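Colleague: Can you walk me through this one? I'd like to take it piece by piece.
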There are 2 protein chains.
Amino acid sequence: MSTSQQALTPVTRTHIPGKIEQACREKGLRMTGPRVTIASILDSADDHPDVFELHRRAALIDEKISLSTVYRILRVLNKEGIIDRIDLNEGPARYEPTTEQPHDHLVNLDTGDFIEFRSKELDKLYNKIARKLGFKLVSHRLELYATPLDGESSNN
Amino acid sequence: MSTSQQALTPVTRTHIPGKIEQACREKGLRMTGPRVTIASILDSADDHPDVFELHRRAALIDEKISLSTVYRILRVLNKEGIIDRIDLNEGPARYEPTTEQPHDHLVNLDTGDFIEFRSKELDKLYNKIARKLGFKLVSHRLELYATPLDGESSNN
DNA sequence: TTAGGTGCAAACCGTTTGCAAAGTA
DNA sequence: TACTTTGCAAACGGTTTGCACCTAA
């Protein structure tokens, strides 16, 4: 559309930094190639990929990013509070951009997908339980494992 | 004390099978030496030992029980529903005899100890949340991480 | 007697790390 | 430039497994 006046300007697809990359820069992290790549993948991911999946997606952009580099990047992003790490019972950890609201996950047992939810009632109960036991709640970890109500596995 | 009448009877400390060993026999498991040993350790444990601790305690009774055997035994006991395996975020899994009532754990961050608790309110909420999201709850996993209210870390 | 359990060592999986080379600010 | 990050390969911690031997039933 806007090719009329500056037709000879090279069409280098200028990189639009996403929220993750911005957060990294705000934290003063050096934005190397691998970091930009991983940041952009995380920004455009609408699932909860693990290291191997992230490495696979990164390889499509830059085939020489090593797995250990992905691990290291995820580690610093997590330490800086930019992404959350979700440790399941089995398999590799999953990652997601940190959300404003803390939340828990329901794992769809049929697909492995995550559904995020937040319940203030739960939080209240956790605090109440801890207090009752003589403790001050610091954090918690919850996963709900469930099957879809409709369709195949409804009346089981 | 009672050495008067049958003084010459060999004093072989007759093995009194605990609940775990009984449960194993009821499940038809072969009670080999290592299994009897691990079962008795689990029966008398009032904590939540990991494989290495169990192996250590087993070695005090029979120094040639191998670590892989302990792993294998814990695996079958877990599969048979005789013991529960607790997978924390870090470190080796912990084990406890299965209780009649399902329960969750509060982890004392100062000591690493577990406190077991059961909350029907929580169960109700979990079911309600799952249903609201269009799912049927199958299981859940919860750990509360907390510090003691009294003494050192109270007003933080 | 025989299906099953054991010890050992090697393999496994997810993750971290030591190092020398490459890159960022 | 000075200091950080990277790639590679090797090591890690927790757990499983292949195999030959052993043992409970």
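Colleague: Which residue takes a positive phi in the hairpin of S3(B) and S4(B)?
Modeller: Gly112(B), with phi near 85°. Five residues sit between the two strands of that hairpin. Keep in mind that this is a predicted model: local features need pLDDT of at least 70, side-chain atom pairs count only at pLDDT 80 or more, and totals for chains, interfaces and linings use all residues. Residues are numbered from 1 along each chain as its sequence is written, chains are lettered from A and ligands numbered from 1 in the order written, and side-chain values use heavy atoms, with hydrogens and water left out.

Colleague: How many bridges pair S3(B) with S4(B), and in which sense?
Modeller: Four bridges, antiparallel. Strand S3 of chain B covers residues 104-108 and strand S4 of chain B covers 114-117. Strands pair if DSSP finds at least two bridges between them. The elements are DSSP runs numbered from the N terminus: helices are H or I with at least four residues, strands are E with at least two.

Colleague: What is the bridge partner of Leu106(B) in S4(B)?
Modeller: Ile115(B).

Colleague: On to the two chains. How many residues of each are in contact?
Modeller: 36 residues of chain A with 36 of chain B. Contact means heavy atoms within 4.5 Å.

Colleague: And what area is buried there?
Modeller: About 3200 Å², with carbon and sulfur atoms giving 69% of it. Buried area is the accessible area (1.4 Å probe) that two parts lose on being put together, summed over both.

Colleague: Which residues of chain A lose the most area to chain B?
Modeller: Phe135(A), Lys136(A) and Arg141(A). Together they make up 22% of what that side buries.

Colleague: How many salt bridges between chain A and chain B?
Modeller: Two. The rule wants a side-chain nitrogen of Lys or Arg within 4 Å of a carboxyl oxygen of Asp or Glu. One joins the side chains of Glu121(A) and Lys128(B), at 3.7 Å from N to O. There are also 13 residue pairs in polar contact across the interface, both residues at pLDDT 80 or more. A polar contact is a pair of N or O atoms within 3.5 Å; within protein, one must be able to donate a hydrogen and the other to accept it, and residues adjacent in sequence count only if both atoms are side-chain atoms.

Colleague: Which element gives the largest share of the chain A side?
Modeller: S5(A), with 14 residues. By class, the side of chain A that touches chain B has 20 nonpolar, nine polar and seven charged residues. Here Ala, Val, Leu, Ile, Met, Phe, Trp, Tyr, Cys and Pro count as nonpolar, Asp, Glu, Lys and Arg as charged, and the others, Gly among them, as polar.

Colleague: How many bridges join S5(A) to strand S5 of chain B?
Modeller: 13, and the strands run antiparallel. Ala146(A), for instance, stands opposite Leu137(B).

Colleague: Now the DNA. Which residues come nearest to strand D?
Modeller: Thr32(A), Lys64(A), Ser66(A), Thr69(A) and Arg72(A), out of 24 around it. A residue is near if one of its heavy atoms lies within 4 Å of the strand. Sugar and phosphate account for 65% of the atoms of DNA strand D that come within 4 Å of the protein.

Colleague: Where does Arg72(A) reach on strand D?
Modeller: A polar side-chain atom of Arg72(A) is 2.8 Å from a base nitrogen of DNA strand D. Another Arg72(A) contact is on DNA strand C, 3.2 Å from a base oxygen.

Colleague: What about Arg30(A) on strand C?
Modeller: An N or O atom in the side chain of Arg30(A) lies 2.8 Å from a base nitrogen of DNA strand C. On DNA strand D, the Arg30(A) side chain is 3.2 Å from a base oxygen.

Colleague: Which atoms of Thr32(A) and strand D meet?
Modeller: A polar side-chain atom of Thr32(A) and a phosphate oxygen of DNA strand D, 2.8 Å apart. On DNA strand C, a backbone N or O atom of Ala93(A) is 3.2 Å from a phosphate oxygen.
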